[in-house]
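These are my notebook entries from a session with one model, set down in the order in which I looked things up.

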Amino acid sequence: MNKVLPVPLKGDVLPDVRLSDHSPFWDEGYNAMMITDTSFLRNPHYHEPTDTVDTLDLDFFCKVVEGLVESLFKI
């Protein structure tokens, strides 16, 4: 199931939603979308030296990609 969650105030009240490449676009007044599998909240290895393929939840990641593909075809 796909979720769309609008982020008010360019994410200033929820700093975790600014951790991706979309936030500079928000800062310049452009609409931008963050697509995430929330790995930065679920995986303690995120962006650490231990962030290797064997620490990833590949089944979950596949579901995220499938949901993204489904959403794009609805546009």
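I began with Phe60, which I found in helix α3; for helices I took DSSP runs of H or I with at least four residues, for strands runs of E with at least two, both numbered from the N terminus. The model is a predicted one, in which local features need pLDDT of at least 70 and side-chain atom pairs count only at pLDDT 80 or more, while totals for chains, interfaces and linings use all residues. Residues are numbered from 1 along each chain as its sequence is written, and side-chain values use heavy atoms, with hydrogens and water left out.

Is Phe60 buried or exposed? I noted it as partly exposed, because its relative accessibility is 33%, and the classes I used are buried for under 20% relative accessible area, exposed for over 50%, and partly exposed in between, with a 1.4 Å probe and protein chains only. Setting aside neighbours within four places in sequence, I listed Asp37 and Arg42 as the contacts of Phe60, a contact being heavy atoms within 4.5 Å. I also looked up the separation of Phe60 from Leu19, which is 41 residues away along the chain, and the C-alpha atoms are 20 Å apart.

Next I turned to the loop between α2 and α3, where Tyr46 has its place. Tyr46 has a relative accessible area of 29% and is therefore partly exposed. Apart from residues up to four places away in sequence, Tyr46 touches Ser39, Phe40 and Asp51. Between Tyr46 and Leu56, 10 residues apart along the chain, I noted a C-alpha separation of 9.2 Å.

His47 is found in the loop between α2 and α3 as well, and I entered it as exposed because its relative accessible area is 62%. What caught my attention was the backbone of His47, whose phi is near 55°, a positive value in a residue other than glycine. Most residues other than glycine have a negative phi.

I then went to the segment before α1, where His22 lies. His22 counts as buried, because its relative accessibility is 5%. Which residues does His22 contact, leaving aside its neighbours within four places in sequence? I wrote down Val17, Ala32, Met33 and Met34. From His22 to Ile35, 13 residues on in sequence, the C-alpha to C-alpha distance is 9.3 Å.

My next entry concerns the second largest pocket, for which I recorded about 410 Å³ of space. A pocket here is an open set of points on a 1 Å grid over the protein atoms alone, where a 1.4 Å probe fits and protein lies on both sides within 12 Å along at least five of seven lines, and lining residues have an atom within 4 Å of a point. I counted 21 lining residues, with Thr36, Asp37, Ser39, Tyr46 and Phe61 nearest the centre. Helices α2 and α3 (58-74) each supply at least two residues of this lining, and α3 provides the largest share, six residues. By class, I noted 12 nonpolar, five polar and four charged residues in the lining; Ala, Val, Leu, Ile, Met, Phe, Trp, Tyr, Cys and Pro count as nonpolar, Asp, Glu, Lys and Arg as charged, and the others, Gly among them, as polar.

Last, I looked at the whole chain. There are three helices and zero strands, and the C-alpha trace spans about 40 × 30 × 15 Å along its principal axes. Buried residues make up 13% of the 75 residues, and among contacts between residues at least 6 apart in sequence, 22% join residues at least 24 apart. For confidence I used pLDDT, given by the predictor for each residue from 0 to 100; the mean is 83, and 93% of residues reach 70 or more. Among the elements, helix α1 (residues 23-27) has the highest mean pLDDT, 89, and helix α2 (residues 39-42) the lowest, 80.

Technical notes. Points joined across faces, edges and corners; volume = space filled by probe spheres on them.
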